[in-house]
Amino acid sequence: MGRIALRFVRVEPRRRVGLFLVGLLAGLPRVNCWTIAEHAGEASPDGMQHLLARAVWDADAVRDDLRTYVLDHLGDPGAVLVVDETGDLKKGVHTVGVQRQYTGTAGRIENAQVGVYLVYAATGGHAFIDRALYLPKSWTMDPERCRAAGEPGDTRFATKPALAREMITRALDAAVPASWVAGDEVHGGDSKLRIALQERAIGYVLAVACDHQITTPAGKHPAKTLARRRPSRTWNRLSAGVGAKGHRWYDWALIDIAVADAEGGGTVGGQALLVRRSISTGELAFYRCYTPTPVPLATLVAVAGRRWTIEESFQAGKGLTGLDEHQIRRWTSWHRWTILAMLAHAFLAVMTATARAETPSPQGLIALTANEIRHLFTRLLNHTQHGIRHLLHWSRWRRRHQARARDSHHRRQTVQLA
């Protein structure tokens, strides 16, 4: 709150946004202006709705504060900017940006609102730093509909990769320390995004479809055709990172490619096709890669593995801070809700990373998670005696198990030495 307080000139919205953030972190069964107002002790949701719809404050300025907060704690020159979109299922036709469209949330075409998000994935942790609302052509070609939803009137149709390119450019212009960009097939298939990153000498590992055309000295070929021609000795088994069940092992192959530049003459160097093969099923996945300077295969594999951090961020943002639970229809309210939910998520991500760095988990216990951090935070804000007793009981339980884990570890070491 100390970082964003100056964005609120009047004391009323400044005080209310603090209550709003606490409400997002409170673990309420449903997260909306009604439940947040009730949690804050207010008689009606009018104040919270006013904060989102009509109060005077700049969501873009708070977005910049959020980015600075994340970088101050997680900044890493080798970080990856991960871009992806997510859909929120909606009813009716009046919510800004809603239409029947494919969304990965449902895995099919549904009436949904889609947002494109940018995550900063560093060694210490990962958190959202930007977002953009996708407006389909059915909206941008209907000025009256946009005006009714509060859209400012100057928004033109932009594809999801174009929105991603805008957010990445904004981050790089703000001197965000990062060396890589990762994304799914929607973004990997967009040549404008790839060219923009190459012009800024930013490496990328972007997923592409199996039939994505690759230009080689021998002509154009689908990615799957090039993969089938790889001899068995060129595949390497490497881990794409640690998941919930341990290391994610795959077989990987790298194919150097030459691609014509934007003017159609010469080639742009440092490009390759990265192929991932499942050990159990043999299923293939493909990535377009660019590196300003040569890097080992393991580096590209690690960047490809970082793409899943945005899925983890979506899960935590929706499950812990209500990123998708807004019941709002208008343009301004959507941008304000999402930035505050992202700020609450960044708080949990930073606190989790800090706790893990300062207090490594003892053997036998998993490291602290964002869910536990939120639980501890909300209990500390509960000043009732019952809440304090419950918190102390939970802390004593963890200390007992830490002591037992240490004793068990020492006994095993003693037996092994004997």
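Contacts across the whole chain are the place to begin: in this predicted model, residues 24 or more positions apart account for 63% of the contacts with a separation of 6 or more. With the full chain displayed, colour it by secondary structure, and 15 helices and 14 strands appear; if you then colour by accessibility, buried residues make up 47% of the 418 residues.

**First stop: α1 and α3**

Select residues 11-24, which form helix α1, together with residues 46-53, which form helix α3; their axes come within 10 Å and cross at roughly 105°. An angle of 65 to 115 degrees counts as roughly perpendicular, and α1 and α3 are therefore roughly perpendicular to each other. To see the contact itself, show side chains for P13, R16, V17, L19 and F20 on α1, and for G47, M48, L51 and L52 on α3. Colouring this contact by residue class gives seven nonpolar residues, one polar and one charged.

**Second stop: α4 against α13**

Move next to helix α4, residues 59-74, and add α13, residues 331-358. These two helices pack at an angle of about 10°, with their axes 10 Å apart, which makes α4 roughly parallel to α13. On the α4 side the contact is made by A59, V62, R63, L66, Y69, V70, H73 and L74, while α13 contributes H335, R336, I339, M342, L343, A346, F347, V350 and A353. By class, 13 of these contact residues are nonpolar, two are polar and two are charged.

Before leaving, centre the view on R63, which is placed in α4. Is this arginine, R63, buried or exposed? R63 is buried, with a relative accessible area of 8%, a value that falls under the 20% cut-off for burial. Leaving aside residues up to four places away in sequence, R63 touches I129, D130, R131, R170 and I339; of these, I339 also belongs to the α13 side of the helix contact just described.

**Third stop: the second largest pocket**

Keep α4 and α13 on screen and add β4 (126-133) and α7 (160-173), since these four are the elements that give two or more residues to the lining of the second largest pocket. This pocket has a volume of about 510 Å³. It is lined by 21 residues, and the ones to select for its centre are A132, T155, E166, W331 and H335, which lie nearest to that point. The lining as a whole has nine nonpolar, three polar and nine charged residues.

**Fourth stop: the largest pocket**

The largest pocket has a volume of about 1200 Å³. Of the 37 residues that line it, select H126, V242, T309, E312 and R356, the closest to its centre. For the surroundings, show β9 (236-243), β10, α11, α12 (309-320), α13 and α14 (370-381), the elements that each give two or more residues to the lining. Which element gives the most to the lining of the largest pocket? That element is α12, with seven residues. Colouring by class, you will find 15 nonpolar, 16 polar and six charged residues in the lining.

**Fifth stop: the enclosed cavity**

A search of the whole structure finds one cavity of 30 Å³ or more, and the volume of the largest cavity is about 30 Å³. Select A240, R248, Y250, W252, R276, Y287, A304, G305 and W308 to display its lining. Two elements, β10 (246-256) and α11 (297-306), give two or more residues to this lining, and the largest share, three residues, comes from β10. In terms of class, six of the lining residues are nonpolar, one is polar and two are charged.

**Last stop: two alanines in loops**

Finish with backbone geometry, selecting A175 in the loop between α7 and β5 (180-183). Phi of A175 is near 65°, a positive value in a residue other than glycine, and A175 is exposed, with a relative accessible area of 61%. Then go to A201, in the loop between α9 (191-199) and β6 (203-208). Here phi is near 55°, again positive in a residue other than glycine, while A201 is partly exposed, with a relative accessible area of 42%.

Notes
Residues numbered from 1 in each chain as written. Predicted model: local features only at pLDDT ≥ 70, side-chain atom pairs only at ≥ 80, totals over all residues. Heavy atoms only, no water. Axes fitted to C-alpha atoms, helices over the stretch in contact; angles between N-to-C directions. Parallel < 35°, antiparallel > 145°, perpendicular 65-115°, else oblique. Contact = heavy atoms within 4.5 Å. Nonpolar A, V, L, I, M, F, W, Y, C, P; charged D, E, K, R; others polar. Buried < 20%, exposed > 50% of the residue type's maximum accessible area, 1.4 Å probe, protein only. 1 Å grid on protein atoms, 1.4 Å probe; cavity = no way out; pocket = protein on both sides within 12 Å on 5 of 7 lines; lining within 4 Å. Points joined across faces, edges and corners; volume = space filled by probe spheres on them.
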